[in-house]
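Work through the exercises below with the sequence and the 3D structure at hand. Try each task before reading its solution.

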Amino acid sequence: RPAVPVRPSETRSTCPYCGVGCGVIIESADGQVTGVRGDPAHPANFGRLCTKGSTLHLTASPAIARQARLLTPMLRDERGMAPRAIGWDAALDQAADRLHRIAREHGPDAIGFYVSGQLLTEDYYVFNKLAKGLLGTNNIDTNSRLCMSSAVAGYKLTLGADAPPACYEDIDQADCLFIAGSNAAWAHPILYRRIEQARQARPHMKLIVADPRRTETAEGADLHLPLLPGSDVMLFHGLLHIMLWEGWTDAAWIAAHTEGFEALKAVVRECTPERVAQACGLRKEDLFTAARWFATAQATLSLYCQGLNQSSSGTAKNAALINLHLATGQIGRPGAGPLSLTGQPNAMGGREVGGLANLLSAHRDLANPAHRAEVAALWGLPSVPATPGKTAVEMFQAAADGEIRALWIACTNPAQSMPDQATVRRALARAEFVVVQEAFATTATCEAADLLLPATTWGEKNGTVTNSERRISRVRPAVPAPGEARDDWRIVVDLGRRLESRMGRTPDRSLFPYDTPEAVWNEHRESTRGRDLDITGLSYALLEQAPQQWPYPPGAAQGRARLYEDGVFPTASGRARFAAVQPQPLAEPRNSRFPFSLTTGRLRDQWHGMSRTGTLGRLFGQVAEPCIEMHPWDMERQGIAAGELVQVTSKRGSIVLPAQPSPAQPAAQAFIAMHWGSEFLTGVSAGGEVLAGVNALTTSAFCPDSRQPELKHAAVRIEKAALP
Ligand code: SF4
């Protein structure tokens, strides 16, 4: 579509919430955001916005800035005391002195950086370079670990690279949509509207939803598979078993483009429809229907998200689903392929720059000596460290154990969002120096900070993000930052230069020679040369005209919508690899003491820890307060009335909140939304510490391959609350 010109008082940018990555037009006057509307020229949304996106301008009002924003650097002289304002120079000098001392006395691995999928790609790039390049520690991880790392590991295991092969346009061209572990209707609303539109245009299209809960997405499906929690691999293997038995696999495509099928066949041979129906709690005939629709449709597209990723066997779940696409040749064609949905607006950009503990720039692997040498050469350094960095759960555990002494947290709220809150709180209390770089002053993590650094946010920031379909969009500032807030990339550069002077690096050899986010992005672009995500043909100038998908190599007229159309994969053999993964039990199965399966997830109108959406009363219209959703039978059996307070207890802690009956909830399963923080929902750890939200209950058990924690399942008991 031709770009629609905007008026001088309007600025094109991108929504800061979910991974759909919708384009927005920000209206402003006198330095204030006055309105927002969907960008009709943006290919992610063509002008549409959901309830969150369409109220963005209200979250940027001066009144909310005064109430909720961090406006000046603040230092807490002593834990428990109120912080006092200090200037930027004093704040950054203090930060550089303390990090330098800790690195000198205890080694660089005594420092950990925990960043966010809400940072822009430029922010992420300099953070990664600061940790791995300048300080010499790979202890940098991100809240995207809680969101996408199983999808990354699944793609790499099967297809050879962390590159989602399909795109949003495939929704319009699919004949069968298989949605697994995603309530897209609430978590990715604009994409779901595209699905609804595609179904109207193509009435023969089949929609299968695999989800234990009867969510709004499942409610609209042609076939809902309400599988038991954790049984996803068994389900996918069972579908493959049926496809093989019925002759619905594509033997010619398998022979030409894959390897490892015999080993997988040996595993799925045991997954008979009878066994799978029992293990998954599903009807055998539904398994046959799903297998037939998936395999025999002209084009099948899978969309999947946290239900697969947030699991102690998340990588296996991702790989087992991709196996189905490889076995049926449903990949590399219009309307066909696996397409993981990113939760956050720039989880993808963080992966591109290697902003995780096990990655390096441009999809390079830390464990690969050649990749380390390439990155060292790019940065003009003799080497980058080989010691694996601590991933999210490991980082906070290491801080709780005293191994990590300084925590630098940017644009995220681990004191609410990380599983097993008690350990995170211990980590924040024990670390001798906690820095929180944030736009909002209201998060629980801010309360634990020694130093608070005010950052810019949506409407003020300048850079790029990449959405779920590999599309890079510009994020542009429409108004000046309030108070003394600074861009995240700028804070890191200012800190990096101070650290360099303390480490004896002269300014002419600075690793941070940037004055604009474009200069950072250009260096990131150069790091992608010859890699699977090569964007060396792209520029900020081209992105000014339209968002583009990667790869975008030199000479390209546009980015590539779909990958692997030639059937060649980025593996040593050029073949995709079937993964003969074994079904694994849940990390914490239900038992007689904890007889309920608790899952967590999103509401339609809230975002993460509510630091932005929680400022607007109208976004509480759908759900006004926290509750635990239970099956009506379970409530009746325990004599719990609707709205009555119950105590929910896991091995790690307990919370008290009202119970609500929900027929969407299967028996012996319960649901609590992830968004509610201490303002709404306090809990207490098994050791008596006061905690916030549902993560007082969740487990930090994680997938051994992706290190993504099992936020989707904890065993709990639910009892009527004993009131004083
Ligand atoms: Fe923003 Fe996601 Fe809604 Fe689009 S679907 S407007 S990106 S929250």
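Two strands count as paired if DSSP finds at least two bridges between them. The model used here is predicted.

**Exercise 1.** Describe the pairing of β2 with β3, then place both strands in their sheet.

Solution.
- Step 1. Take strand β2, which covers residues 23-29. Between β2 and β3 there are six bridges, and the sense is antiparallel.
- Step 2. Find one facing pair: Val24 stands opposite Gly38 in β3.
- Step 3. Set the strands in order. The open sheet has three strands, arranged β1-β2-β3, with antiparallel pairing.
- Step 4. Identify the edges. β1 (10-14) and β3 (32-38) each pair on one side only, which makes them the edge strands.
- Step 5. Add the angle: on average, neighbouring strands of this sheet are turned by 30° against each other, direction ignored.

**Exercise 2.** Which residues come nearest to the ligand, and how is the shell around the ligand made up by class?

Solution.
- Step 1. Around the ligand there are 14 residues; Cys15, Tyr17, Cys22, Cys50 and Gly53 come nearest.
- Step 2. Sort the shell by class: nine residues are nonpolar, four are polar and one is charged.

**Exercise 3.** Describe the contact of domain 1 with domain 3.

Solution.
- Step 1. Locate the domains of the protein chain: domain 1 (74-146 + 346-549), domain 2 (149-340) and domain 3 (596-720).
- Step 2. The C-alpha centres of domain 1 and domain 3 are 30 Å apart.
- Step 3. Domain 1 gives 19 residues to the contact and domain 3 gives 23 residues.
- Step 4. On the side of domain 1, the elements giving two or more residues are α20 (414-417) and α21 (421-430). The largest share, four residues, comes from α21.
- Step 5. By class, this side of domain 1 has eight nonpolar, eight polar and three charged residues.

Terms used
Residues are numbered from 1 along each chain as its sequence is written. This is a predicted model: local features need pLDDT of at least 70, side-chain atom pairs count only at pLDDT 80 or more; totals for chains, interfaces and linings use all residues. A residue is near a molecule or strand if its C-beta atom, placed from the backbone, lies within 6 Å of it. Ala, Val, Leu, Ile, Met, Phe, Trp, Tyr, Cys and Pro count as nonpolar, Asp, Glu, Lys and Arg as charged, and the others, Gly among them, as polar. Axes are lines fitted to C-alpha atoms, for helices over the stretch in contact, and angles run from 0 to 180 degrees between N-to-C directions. Domain bounds come from an automatic or database domain assignment. Two residues are in contact if their C-beta atoms, placed from the backbone, lie within 7 Å.
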